[in-house]
Every structure is written in C-alpha cells, then in structure tokens.
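Trainee: I'd like a close look at one helix and what comes right after it. Please take me through it slowly, and then show me how the surroundings fit in.

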Amino acid sequence: MRALRVAVVGSGPAGVFCAETLTEDPGFEVDVDVFERLPTPFGLVRYGVAPDHQKIKSIIASLSEVFETPKVRFLGNITVGTDITVDELRSHYDAVVIAYGAPLDRRLGVPGEQLPGVIAARNFVSWYSGHPDASFDPAALTGERAAVIGVGNVALDVARMLVRTPDELRRTDVPEHVVEALDGHPVREVCVIGRRGPEHAKFTHKELLELAGVEGADIVVDPEDLRPTEERRAAVAARPATARLLSTLEKIAARPPAHRSRTVRFLFDRTPVGFLGEASLTGVSLAHTSDPSRVEVLPTELVLPAVGYRSAPLAGVPFDEASGTVPHTDSRVIAGGTAVPGLYVVGWAKRGPSGVIGTNRLCASETAAAVLADAAEREGGTGRGPDAVDDLLRSRGAVVVDWKGWLAIEATEAALGSPNGRGRVKLHDRTGLLTAAGLSV
Ligand SMILES: Cc1cc2nc3c(=O)[nH]c(=O)nc-3n(C[C@H](O)[C@H](O)[C@H](O)COP(=O)(O)OP(=O)(O)OC[C@H]3O[C@@H](n4cnc5c(N)ncnc54)[C@H](O)[C@@H]3O)c2cc1C
C-alpha cells in the first residue's frame with residue numbers, strides 16, 4: 001500500500017476530522033502529524049464553545065480517539081510560522097493541510113472603535129475559557145451597563161456568561177479567578193444590540209431558550225420590537241425557525257419581571273454609529289436602522305462587539321484579505337489562479353467563521369478527498385520520516401507537548417476539579433500547562 005505523510009496545521013475540529021478521514025482511507029497508509037500552537041488540542045471546542053455547553057464539549061471524547069492511534073501524532077506548543085515554516089512542512093510532508101481557523105476579529109468600522117472599553121467579544125470569550133493568551137482584563141467589567149453588539153450565538157454566549165450566578169459557573173470548568181470576577185462585577189444590565197429586526201437574528205432557538213432560563217437575570221424584550229410588520233410576517237411565513245424564535249421572544253416579552261439582580265435587554269433595529277469618550281468609553285451612539293435620523297446614546301463603559309471572526313495571513317500561505325480566508329478551489333489552496341502543489345485548507349480558514357462543529361466534518365472529508373486524489377496521481381513522496389521533523393524542532397529548542405503530555409494536563413485539570421465535585425477546572429497559563437505536561441519551563 002502507498003504511504004503518505006501529511007501535516008495538519010491546527011488541532012481544532014476541522015484539523016482533527018481531516019486527520020481522522022485521511023487515516024481511515026483503505027487505499028493509503030497515511031500518517032498525520034497535527035501541529036498546534038497551544039499546548040492543548042481542540043481549538044475553539046476548548047476555547048470558544050461556552051463553558052456551560054459541556055454537552056457540546058463532550059465531542060472532545062471522540063476527537064481524542066483520533067490521537068489514540070499510532071497513525072496520528074499531536075505536536076502541541078508548536079507554532080507554524082515561528083517554530084517551523086509552512087515551506088519546511090511542505091518539504092517534509094507529502095501534503096500540508098491548513099486548519100488554523102479564524103483567530104482575528106471582524107471590525108465594525110465605526111468611529112471610536114479603538115477606545116479602551118470597546119473589546120472584541122473574542123477576548124472576553126478567550127478569558128472566560130481560560131485561553132493561555134487571553135488579553136482581557138476583568139477590570140474592564142466596570143459600570144452599570146455593558147453592551148454586546150451582534151445577535152448571533154456568540155453574542156448570546158457572552159451575555160449569558162455575564163449574568164451567570166457563581167453556582168451556575170461552578171458547574172462548568174471555568175477557572176476560579178473567572179468565577180470570582182464574573183460574580184463580583186458591577187454590571188447590572190447587559191444590552192444585546194441587533195442591527196435589524198428580530199426576524200433577522202442569527203442565534204438559534206436553543207440558545208435563546210438557554211438565555212431565558214438563566215437564574216441570575218431578567219430577560220427583557222420590548223414588545224414594540226416584535227410588532228408585526230410586513231417584512232416580519234413574510235419572514236415568519238417563509239421560515240419555521242424564525243416563527244419559533246419570534247414566538248419565544250413574544251413569550252419572553254410578556255413575562256412579568258422577576259426583579260433579579262441583573263438584566264439582559266434586547267435592543268433590535270439599532271446599529272452603532274459612534275463610540276463616545278475621550279480617554280475611555282462613556283457610551284455608544286445607536287442609530288435606528290429603519291430611521292437613521294433617530295439616534296440615541298446608550299451610556300456604557302464596556303462594549304463587546306460579537307460580529308464575527310476572520311482568518312489570518314501566514315507566510316507561505318496565500319490569503320484573501322477581502323473574505324478573510326485562505327483562497328482555494330475544491331480545498332486546494334490557490335495562488336494566482338493555480339493550485340499550490342501539496343497545500344490544502346479546511347475548516348474556518350477555508351469557509352470563514354460559519355457553521356457548527358459538525359459542519360467541519362463534511363468540510364474535512366472534502367479536503368481529505370482532495371489530498372488523496374492528488375496523492376493517487378503523484379509518483380513517490382518526500383521520503384522523509386518523522387525523525388527529520390523531530391530533529392529540526394529539537395535543533396530549534398522547540399518544546400513539544402505530545403499526546404501523553406496533553407493527557408497529563410487533562411489529569412491535572414481533573415484533579416483540580418475533584419475536591420469541589422467539579423469534573424475539571426482548566427489550567428489557564430502556558431507555564432502551568434507545560435508543567436502539568438511534565439515539561440520543564
Ligand atoms: C465563541 C464561539 C462559540 C462557539 N460555540 C459553538 C457551539 O456551542 N457549538 C458548535 O457546534 N460550534 C460552536 N462554535 C463554532 C466551532 O467552534 C467552529 O465551527 C470550529 O471550532 C471551527 O473549527 P476549526 O478547526 O476550523 O478552527 P479552530 O477551532 O479555531 O481551530 C484552529 C486551531 O488552529 C490553531 N492554530 C492557529 N494558528 C496556528 C499556527 N500558526 N500553528 C499551529 N496551530 C495554529 C489554533 O490554536 C486552534 O487550536 C463556536 C465558535 C465560537 C467562536
């Protein structure tokens with residue numbers, strides 16, 4: 001059987017699904033090395049999916065099985081582009097699959113966006129998820145009111161996490177310093193701001209129900225925002241999912257207030273047109289989308305835009321600035337209209353930030369099919385085994401967290417959680433993670 005060695009850059013679900021599909025192919029003997037810049041695998045499943053979505057995170061069990069076979073190696077704590085270049089990978093492997101996701105924020109392009117106090121939701125998500133590179137400072141949780149811009153699932157995750165009670169948070173894996181900061185912050189009202197009417201909201205019905213069920217906050221929807229307009233009626237008639245969403249919003253709007261200590265307030269049909277303040281944020285100007293001359297100022301010291309992600313350029317990988325993705329045809333990375341030999345892309349780096357975890361499985365099978373189809377056409381391979389890459393990394397003083405190292409991190413996190421009956425509590429700094437992996441730092 002023909003042997004094939006593949007490098008995957010990124011260990012999020014897309015990269016891992018791709019490794020799985022490749023190694024299951026009966027026509028090739030495929031070995032895959034998965035490079036990951038963090039000491040921990042699984043990308044946004046660990047550092048994006050909300051901590052109170054433990055059921056969704058249980059996909060980690062099946063992703064882990066992929067690394068339990070000798071055919072797939074985890075090379076954690078290795079940043080492609082710094083510890084090893086894409087060109088070097090291409091010379092060591094028969095194929096390289098880019099799976100590094102979409103780690104940058106989309107910008108709103110609104111004046112004042114650079115003010116401290118306007119902080120991309122991604123930073124807040126990374127912080128509460130215990131990401132070792134999180135830059136969010138919990139001192140930013142200040143003032144009576146915070147605003148979240150956007151009405152997708154991430155916006156609702158962020159609003160929910162801002163109002164969760166400490167009891168609810170301790171049912172998750174968030175680090176204790178996060179529980180304390182989220183318990184103690186002064187924000188009483190979280191406004192979730194949608195550019196258009198509720199019929200255009202991107203969040204799912206499930207996420208809305210979850211928000212409606214939080215213990216620590218009243219959820220407020222203005223019945224005026226749900227008034228049946230022609231557009232709204234047409235949207236409801238066209239999509240059963242929209243009808244369900246609006247019906248639940250109506251029920252929430254009709255609920256009498258429970259006078260809880262916090263409130264989440266939906267503001268639809270409003271778009272930010274300016275962030276106010278000199279040295280720091282004092283408010284956001286919101287224009288009504290249906291009547292832009294109607295502008296109101298929402299006083300707030302913290303705005304968390306949750307308006308999407310974009311991928312990042314990396315030396316040796318073509319990048320399309322306009323779409324914020326790696327350009328491809330049928331998963332083959334293209335430069336100047338032609339496929340770059342041996343370079344492929346999968347997941348959010350390929351499609352942009354859309355779809356749920358499962359969407360990446362189909363995407364990965366398309367990418368794996370392209371890798372295998374090209375390999376079937378090609379003669380020979382690089383002839384280099386795993387030792388050459390290991391030697392190169394060692395010569396650079398790179399510290400690799402292998403699968404055993406990750407299992408040791410998991411065991412430490414489980415031990416941290418067990419005295420308090422928590423399944424696990426995350427380690428959140430790189431030194432702690434590397435030490436738990438048994439590496440000297
Ligand atoms: C806040 C948030 C919440 C979400 N919640 C849900 C949910 O509840 N349910 C659901 O189904 N989906 C959810 N999603 C979507 C889901 O997480 C994505 O579909 C999925 O993670 C995308 O997979 P990916 O592998 O392309 O990217 P990622 O998961 O981002 O993985 C990319 C990996 O590449 C690594 N990497 C980056 N650069 C390099 C480099 N230079 N060298 C080596 N490694 C590198 C990163 O560290 C990361 O581990 C959520 C997304 C976000 C942002």
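Trainee: Which residue follows α6, and is its phi positive or negative?

Mentor: The residue after α6 is G130, and its phi is positive, near 75°. Before we go on, two bits of housekeeping. This is a predicted model, so local features need pLDDT of at least 70 and side-chain atom pairs count only at pLDDT 80 or more, while totals for chains, interfaces and linings use all residues. Residues are numbered from 1 along each chain as its sequence is written, and side-chain values use heavy atoms, with hydrogens and water left out.

Now the helix itself. Helices here are DSSP runs of H or I with at least four residues, strands are runs of E with at least two, and both are numbered from the N terminus. Helix α6 spans residues 121-128, and seven of its eight residues are buried. Buried means under 20% relative accessible area, exposed means over 50%, and partly exposed is in between, using a 1.4 Å probe and protein chains only. The buried ones are A121, N123, F124, V125, S126, W127 and Y128. What covers them? The cover includes α2, α7 (153-163), α9 (176-184) and β13 (302-305), where contact means heavy atoms within 4.5 Å.

Keep following the chain past G130 and you get to G143, in the loop between α6 and β6. G143 counts as buried because its relative accessibility is 16%. Leaving aside neighbours within four places in sequence, G143 is in contact with P186, V187 and E301. Take V187: it is 44 residues from G143 in sequence, yet their C-alpha atoms are 5.7 Å apart in space.

After that loop comes the sheet that β6 and β13 belong to. Five strands form this open sheet in the order β8-β9-β7-β6-β13, with parallel pairing. β8 (217-221) and β13 stand at the edges with a single partner strand each, so one side of each has no neighbour in the sheet. From one strand to the next, the twist averages 20°; angles like this run from 0 to 180 degrees between N-to-C directions, with axes being lines fitted to C-alpha atoms, for helices over the stretch in contact. Two strands pair if DSSP finds at least two bridges between them. For β6 (residues 145-149) and β7 (residues 189-193) there are five bridges, in the parallel sense. One example: A146 has V190 in β7 as its bridge partner. As a general point, strands of a sheet pair through backbone hydrogen bonds, either parallel or antiparallel.

One of the helices covering α6 was α7, and some of its residues turn up again around E207. E207 is in helix α10 (residues 205-212). It counts as buried, because its relative accessibility is 7%. Beyond its neighbours within four places in sequence, E207 is in contact with H53, N153, L156, D157 and R160.

The other covering helix to follow is α2, since α2 (43-47) also helps to cover the buried residues of α16, along with α4 (59-67), β3 and α17 (430-436), among others. Helix α16 (residues 403-417) has 15 residues and reaches 21 Å from first C-alpha to last, close to the 21 Å expected at 1.5 Å a residue; that expected span is 1.5 Å times one less than the number of residues. The buried residues of α16 are W403, G405, W406, I409, E410, E413 and G417. They cover an arc of only 160° around the axis, which puts them on the same side of α16; the arc is that of the directions from the helix axis to the C-beta atoms.

That brings us to β3. Strand β3 (residues 72-76) is mostly covered, with four of its five residues buried. Five bridges join it to β2 (residues 28-36), and the two run parallel. In β3, G76 is the bridge partner of E36, and L75 is the partner of F35. Both strands sit in an open sheet of seven, ordered β3-β2-β1-β4-β17-β16-β15, with mixed pairing. Its edge strands are β3 and β15 (328-329), each pairing on one side only.
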